[in-house]
Every structure is written in structure tokens, then in C-alpha cells.
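Open the model in your viewer and keep the selection tool at hand. We will go from one stop to the next, and at each one you will hear what to select and what is there.

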Amino acid sequence: MARLKKKYTEGASRTYTTRNRALKKLQLTLADFRRLCILKGIYPVEPHSRKRANRGSTRLTTFYYTKDIQLLVSEPLIAKFRQHKIFLRKLQHALGKRDYTRAQTLDENRPEYTLNHLVIERYPAFADALRDLDDALCMVFLFATMPTVSRVTKEKVDECKRLSTEFMHYVIHTHALRKVFLSIKGIYYQAEIQGQSITWIVPYQFSQQVPTDVDFRVMATFLQFYQTLLGFVNYRLFTAVNLTYPPRLDQALEDNAAGLGSLRIESRRVEDMLEAARSGDDDGSNGASDDEAGNAPSHDAKAVKARMGSLEAKMQAIVAADSAAPAYEAVGGDASGGDEDALQAADLLFDKQVVYLSREVPRYSLEFAIRALGGRVGWDRSSGGGSPYTENDQAITVQIADRPVQGHQFLSRTYVQPQWVYDSINARRLLDTTDYLVGQQLPPHLSPFVEYAEGDYVPEEASRIAAAAAGFEGEVTNLKPEDRDQHNSEDEAVADDVDGESADEDEAPEEDEEAAAGVEKQYQKQLLAERAGVTFSEYQQKQDDKPAAAISKTRGGMPKRTKAQLEEEDRERIAISMLSKKKRKVVNRARADTYKRSKDLNTMKTRKAEATKAAASAAKPGARK
Amino acid sequence: MEPSGEAQVQIRLVATQKKYEVPDAPLVVPQQLQRYGLSEIVNHLLGHERPVPFDFLVDGQFLRESIAQYLKRHSLSAENILTLEYVESMLPPTEIASYSHDDWISSVAAASADRYVVGSFDGVVRIWNARSECEGELRGHAAAVKSVAAVADGAKRGRVGAVSGSQDRTAIGWGIKGKQWKALYAARGHTDSIEAVAVNPGGTHFVTASADSTIRFWTLAAPKQSEDAADETPAAKKRRGGADIMSKAAIGTLSGHVGAVSSVCFNTDEESQVFSGGWDHSVRAWDVAAGVNVATSLCDKVVLDVAYSGHSRLLATGHADRAVRLWDPRAKDSTVVKLRLSSHTGFVASVSWAPSSAHMLASASHDGTIKVWDIRSRTPLYTVHAAGDSDKGKKLLALDWHESLLLAGGESGSLRIHSVNSQYAAGPDRAQA
């Protein structure tokens, strides 16, 4: 007979372990254990059967995978935590004994640890890190503008500010921004970096009230890990586009609240080359006395100098060939290495625009969005220092203002509200500014993240923008059939076998034919009306007064269905009646769902129709004298 | 800055008819106005109580959209003054009579304002007058009559008044003999059905186009004696039965088409030049005297009808792809379509130019409608549907525009006569350069 297996030795009880058992195994305090789990990315799990997992007990406990806990056993951070605990104990003792010098010495030599190995462990490939970047960015951007609380010190907030600004600079440099949406929760941005779509949210910069019911210890741990991750990611992204990392901070500008402009972004090559040239020069000058020793370094210096000279010419040649990139500047300013991933300058939305931001608009968001799409930005002095344009500058083409009435206006620029910028970015074309002028009632700001499926309510604005975008992008070289005739026959040289018309002329767009038929009908109708003695204004009046065409409906309000549709419905009904009760319930639930959705859609549509009619009738008496 | 937010443009109105002239000063009008609104402005300036409809031409083309759309389409600035020519609109054609036949009508030709020659699929050619009387039922063909042509002043005694081509491979010349219409001769020579006949403007010769891909050229006058075809064997003559109609032989044959030749017409400007269109998608110009194919234009669609206008110097062709195409035979690249008018929803079986206008033409189609076009506009001026319910949708196979009458007939068997008043029917001086 086989040996009897003891209960709870295999299966769920082996795969899951409780939190207390884990603590005992790792010899950690609960706080340390939680911190470690956060840093390693280990989360509690819910087993199918708590009884089996907990060896017969059904008490409420937290479970972890045993394999995860085994991973933690060999974690070097545990030793660091223990060292930290010992340090705290020593410090406490010193302070208790009022031995302040010892306390100070201890504090200066406190054990520190970094999380670099964790980043490498958790994200073996860079694409993995980019995939998880959303959370990191949201956290870092949140704390960049948060007032300091316990556990989140000023240094951490400054670090967050620096990291967020660096990331924004990368997005600006590579023109990676794709979508922006202003919502209640904050400003959503979506950028496309190395093929990954990264979405993050930035809170509005009001003076936030820090909530009291949030556990900031947990947030601080997350923040620590995300700061390290973002630092790594920034380094990798910056070096990928040949920019120096970390970028230098211009303290004067920073003190003047220049925001984005306070970091000096420089191309790496120039830096390196200059460094090399400088060090080469020094070597050369030092080794002048010693020929042999000096030849080698001076040769290096000369070669380096020659290479630098030719490099500049070569760079300019490359830039001239790739006419999209702006002129190359040797040092400082916005360096522009040609990044293959970046959009061509010609494609950028605000390429030819110089935008000036009034003092009441959110500069932190608008400057980023406009610069990320190729525009140049200036701002009012009270928004911060370092603006490249003053208000009187003639080069400014657009001024963003968010006030009810604009007092003094320059004629050469358009005054629009900030929503124009965001809607243009989402629509991927410069929208008509008439709807967004200062003082205008703005159209709805629709989310670009919503994909309208069939059966969803599509707001009028969305369908209008989509139609305009489609019309704009497609059919650039659509020749009319007659033009196509001429075009084709000019190409062919042979006189006898000349094709007067293109073979696929039959595929002339049917919309044209329908439009022409409509024009013809309208022409005939109007001509007959005029011949009957009706003038244009009377005709228009008649059109306005005519009630809206009644929708052809059968009794019961449902639209007419074709014979095929009725047959289809009959077949469906028979098939459903043949199912078992259980399956029928499922089918009916699904059908009830779709029915409810279509009912909601109809309600939305009727409400919209009523609202537009009410608005039109309200506007009418105003329009007529 | 535009007042009240409406875009405006300056226009100058130029009248084409003296009686509708307005002062020359430029006017400022809103850009969104179309023909109707502009017409109201002109009527107001002329002080008409009852509005007269006007049509507006910009740069030789009719304005069929709002001024704003026109400016946008041609990327013009609203700063410039736009010159608009205006002309009184054409009245719609009205049906004035309808004569019914037993069988489908294959072709119709108006000899004068009150004599119409109608060929029908029952092999009978009927002559009608304006008082809805049938002056004669001419029987002589053994099969369906496919085409008729009327000679302008041919009702004199002994002279040929009409020629009819038929599926029995003969074309019979008819004339009045002793107050009766009689067959004067039968032109034999074709080896397949005759699809089209045309008489030259001088009334001396006629051509026949046939499904045997040849075009034969004949004299119009009745022969003194029977001219038998040279290649006809006595056996074939016996088979024919030695009919009492005299035979006529062709002067010449023009071959070049591949497949049936569906239509033929004379060039009224050039001596002895003929245009033909065939099922081989080609429109050919022939020099009849030399017997040579002068020019060929290929289009990818079967040609169903050709018509030439001396006023506009353009050749109009009706096609199976529901379009009417205009060609310029005198241009160097005469192989290129000048204009393509499409609005019909069926094969365009017949086209006919207005006799006194350089811009107007009419087309009849298998969708049962006649469309009157002005070539300066992409869309037709008028669409004439059948009056009676039974005739709606029945194919129209024949069309002729004579003076101010539009004759059409087809599947329904009824010959419809419309009165067309083109108010701006201009004379030859308006022909295109």
C-alpha cells in the first residue's frame, strides 16, 4: 500500500504562505516587510480556498506566493534595513545620553542604500521600463508640486521636480506628445516614446490641501522606487538622442521661476568633443618641451582639432540635406541632434506659430504642449522669468488669453483661449480660431482617449472634427475626370493608340455624382419657384417656417424594417427558444444590455435635437431685425 | 473687419441682353449668396415687380454654388472685384403633343416645323405633321427601321424627302410622287443592318453606317435606272425577288471601324467630312471624297450617337457609360475629351445640338429622360421626364432638336414633342473661338 500523504503538505498550502509566516522567515518588522514588498513589486494574492492555503484555518489573513517570499530571502536590502535599524538605535541612545557630537558623527556616516539593482532586476529590457512608466510619471509629477509632508522631504520634492522637468524636456525635444486632455482630475498627456504610448496625469497647480487619510509612508516608498526608475529612464532616453545627462541647472533662471527653461539641454557630442579638445590642448601645451611625449598628445590634439573642424562642416551638410532640422548651434540653447524617431519639423502643428501666454493661463501646461509641437513660446513676466518674447514683439502670431474681454489688441495676432491649443493637438490640425476667440462660448472639449464604438453616442463635435480631418488628410491629388483625361493623354506619345480617357474613369467618385444631382434638383426647384413669382427672401422664409420633416415611422415609433431584417429576427427568435433555460437567461441578459444601451443612445439623440432646436429658436429673434 | 460677421465680396454685373442692363458700379454682396439671391438683386435693380429668373456666369461658367464656395474652389481673394455676366434663364421645355405608335420608335427626324419623319421597329416609316395627322405610312422595309434622316426641302415632287435605313440591309429613299409618299429607290450594298443614315447639308448625298463596320456613301437623287450592286450575283437578285424598287449602288465605302458603326453625321463646316462613332469605342472623322479616315479618337466607352454643331464647332457623343462627351475636332489634340457631362442614369442613346445656340444641347437616354444642357455648366439645365405614368422609365431611343421643337421617342412608342424656348439662344457670334 502506498504511503499515506499527510494533509496540507502539497498543493495550495505549499504555494501560499501567510504574512506572519513570511515575517518570521525573513526576520523583518512589518514596516520593513511592507517596504520591501513595495520595492520588489510583490503583492498579496487571494487563494481559491483559504482553508486549504492556511492548513485548515479559515481566519482572514494576507497570503503571498511562497516563491515570492523565497525571492526576498536573498535580497541585500534586508541587510541594509537591519543596518538602518541599528543606526537608529545608536542615534537614539546618543541623543538620550545627550552626546551630540556622537550623534552628529553617526548622522554623517549613516548607512545609505540605492535601489539601482532593483530597477535592473524588475525591468530587464528598456521596453519593460517604458511600459511601467505611467505610474512612475504620475507619482513623480504629483509630488513635484506637493507641499512637503512628513516622510516626503524638501530634497525629495526637488528631486521630483528635476526629474519631471527632464522628462518634459525629452518629450519636447523629440516632439513625442500626441494627446492632451483637461479633466477634473488633472491634465492627461499621452506621448509616444520608442513605440510605446505613455499616459500620465499632472495635477493642476492650485494650492493643494494635503489629505489626512493617505498613508504617506507607503507613498514615500513608491516614490523612492519610482524616482530611481525615472532617473534611469531619463538617462537612457537622453543618451539615446545624444543629449548630456544630467542637464545643468541654471540657478539664476530657476530662482526666477523659469520652470522648463531653467535646465540647459546640451548635445552630448559637442560637450565630449570640447572636453576632448580641451584636454588634448592642455596635454599638447604641457608636452611641448618633451618631443616624444609631446608628439603623441599634440598629434592627438591636432587630429582632434582637425576632426572638430571637419565635423562642423559635416554636420552642416547633414543638416542642409535634412532640411527639417533647424540650424546647428555649437554650444548651448536647444541642441538639435537629428533623431530619427522625432517628427519632421515640417509636420509639427505649431511649427510657424509664435505663441504668447497671458499671465492668467497655465504656463506649465501650455508651454510644454506648444513647444512639444514645434511652436515658440513667450510669456508674461509675472508667470516667470526667461521669456524669449515680450508682449510687444512683432513676431508673435497667437496670444493665449483666458479673460472675458481683451482690452488692447495687436492686429497681427489672434487672441484665443487655451482650449484652442489642446483641441488642435487632439485634432492633429490647427483648428479654426473663430470658435475659440476671447469671449466666445467654447465648443465642448472632448477626450481623445475615447474610442467610439458602434452603438455609442457620438457627440456632434467629434463627428465634425473627424469628418474635417478625414477630408483634410485624404484626396490631395484627386483630379476631376476631365482633368484626368488631359493628364493621361499628355503623357502618351503615340498618336494612333491614344487613350483619350483613363480606363478607370467609371470609378469617378459617386459622391460627386450625388452632389451634382442634388445641385441640379435644387436649381430646377428654385428656378421654377422664381418663375412662379417667388423672390429669394420669400423662398428662404418659406423654408424656415416649414416644420422639420417628420421621420417616417410606423405606429409604435419603431423605424421601418426591411423584409430581410424581419426574417432575420424571426430566425433569431426561433433559435433562442430552442436553447436551454440557463443559456436563454444569458442571451436575454446580453440582449437587455444592448437594448438598454440603444435606448440610452436614443435618449441622448432626442435630447441633443431638442437642445439644438431650443438654441436655434432662441437665436432666431436676435438674428432677425 | 467685416461688419456683423458676414464675409462680403465686390461684384460687377454685366448684362448679356440689352434690355436687362444695370448700372456698372461694383456692388458689395454677402459671399454666401447663390444664383437665387443674386437674381433677386438684379430684379431689384431692374425694378421688376414679378421676378425674372437670371443665370449667372463667372469666367464663362455657370455659377452653381455660392460665391464663397466659388472663391474657395478657385483660391481667389475676396478683395478682387468679381465680374458676373447674367442672362435670363431658359424656360423649361413643355410637352405639347404626343403621337403614339404600335412599336418602339427607333429614330425621329424633323424635316420642317410641321413634318416629322419617324422610323419604328415595325418596319414602317411614318410622316406626321404638326396637326397630329399621319401624312403617310411608308412600308417598304422588310425588317425594323433603325434610322431616318429628313431632307430639308425635299418635299418637292420627285425629290427625295426622307431616307430610312433598316435592319434588312437596305436604305430606302422616299419622295412624294403624285401626292403620295413612295419609295423612290433602295440603296443596297451593306451586308448587315444599317444603324444610321445622315444627309449632307447640301442635300446631294447621304451616308449610311452599318453593323458590318463600313460606312457607305451614296448620292441622294433617285437613279434613272436600277444600279445593281456590282458584287451581287444573279442568284441573290433572284432571291431578292426583283422588287419593284429601283436599286442604288454606293459611290464609295469607308472602312476602318472594327465592329458596328452606331452613328454617323456630317460636318456642317467642312465639305465632305463625316463623323462616325462605333461600338469599337472610337469616334472617327472621314474625308468622304478621298475615302480616308482623317482622325480617330478613342474613348473607353461604346459610342451610341454623334452630333456636330456648326455654332460651337464641337462634336457631341452619347455613350453607354451614361455620359455625354464633347470633342473639338479642329484642335491638334482632338483625341482629348473637352467636357464630360454626366447626369443620366442610363445609356445616352441620342444627342442633339440646339440649332441656333452654341451652348445648348439635348440628350435622351435609356432612363426615359431628356436632359437639356448648357455646356458652360456641369449640371443639366433641365430634366424632362415623361408626362404620362405609363411612359415613365421607358427607354428613349431617338431625339431631334429642330428650331424650338424637341422630338423624342423610344420604347413607349409615343413620339413626344416639346417646345423649347431658349431665351438666350444667341446667334453664331457667340460661338466659341
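The tour below starts with confidence, then visits chain A and chain B.

This is a predicted model, in which local features need pLDDT of at least 70 and side-chain atom pairs count only at pLDDT 80 or more, while totals for chains, interfaces and linings use all residues. Residues are numbered from 1 along each chain as its sequence is written, and chains are lettered from A and ligands numbered from 1 in the order in which they are written.

**Stop 1: confidence**

Colour by pLDDT, the predictor's confidence in each residue, from 0 to 100. The model scores ipTM 0.75 and pTM 0.48. Chain A has a mean pLDDT of 79, with 76% of its residues at 70 or more; chain B averages 85, and 90% of its residues score at least 70.

Now select residues 473-508 of chain A, where pLDDT stays under 50 and the model has 42 contacts beyond four places in sequence (a contact means C-beta atoms, placed from the backbone, within 7 Å). Residues 548-554 of chain A also stay under 50, with 4 such contacts. In chain B, do the same for residues 1-5, which stay under 50 and have 2 contacts beyond four places in sequence. Where pLDDT is low, the predicted coordinates should not be read in detail.

**Stop 2: a parallel sheet in chain A**

Helices (H or I, at least four residues) and strands (E, at least two) are DSSP runs, numbered from the N terminus. Select strands 9, 8, 10 and 11 of chain A: in that order they form an open sheet with parallel pairing, where pairing takes at least two DSSP bridges between two strands. Strand 9 (376-379) and strand 11 (414-416) of chain A each have a single partner strand, so one side of each is left without a neighbour in the sheet. From one strand to the next, the twist averages 25 degrees.

Zoom in on strand 8 (residues 354-357) of chain A, which pairs with strand 9 of chain A over 4 bridges. Here A:Tyr356 stands opposite A:Gly378.

**Stop 3: the helix on that sheet**

Add helix 16 of chain A, which packs on the sheet and touches strand 8, strand 9 and strand 10 (398-400) of chain A. Then show helix 17 (residues 419-427) of chain A: helix 16 (residues 363-372) of chain A packs with it at an angle of about 40 degrees, with the axes 11 Å apart. Axes are lines fitted to C-alpha atoms, for helices over the stretch in contact, and angles run from 0 to 180 degrees between N-to-C directions.

Which residues of helix 16 of chain A meet helix 17 of chain A? Display A:Leu366, A:Ala369 and A:Ile370, which meet A:Val421, A:Tyr422 and A:Ile425.

**Stop 4: two backbone details**

Go to A:Pro246, in the loop between helix 12 (216-240) and strand 6 (248-249) of chain A. The peptide bond from A:Tyr245 to A:Pro246 is cis, with omega near -5 degrees. Then pick A:Tyr8, in the segment before helix 1 (12-15) of chain A; its phi is near 60 degrees, a positive value in a residue other than glycine.

**Stop 5: an antiparallel sheet in chain B**

Select strands 28, 29, 30 and 31 of chain B, which form an open sheet in the order 28-29-30-31 with antiparallel pairing. The edges are strand 28 (348-353) and strand 31 (382-384) of chain B. Finish at B:Ile370, which stands opposite B:Val384 in strand 31 of chain B.
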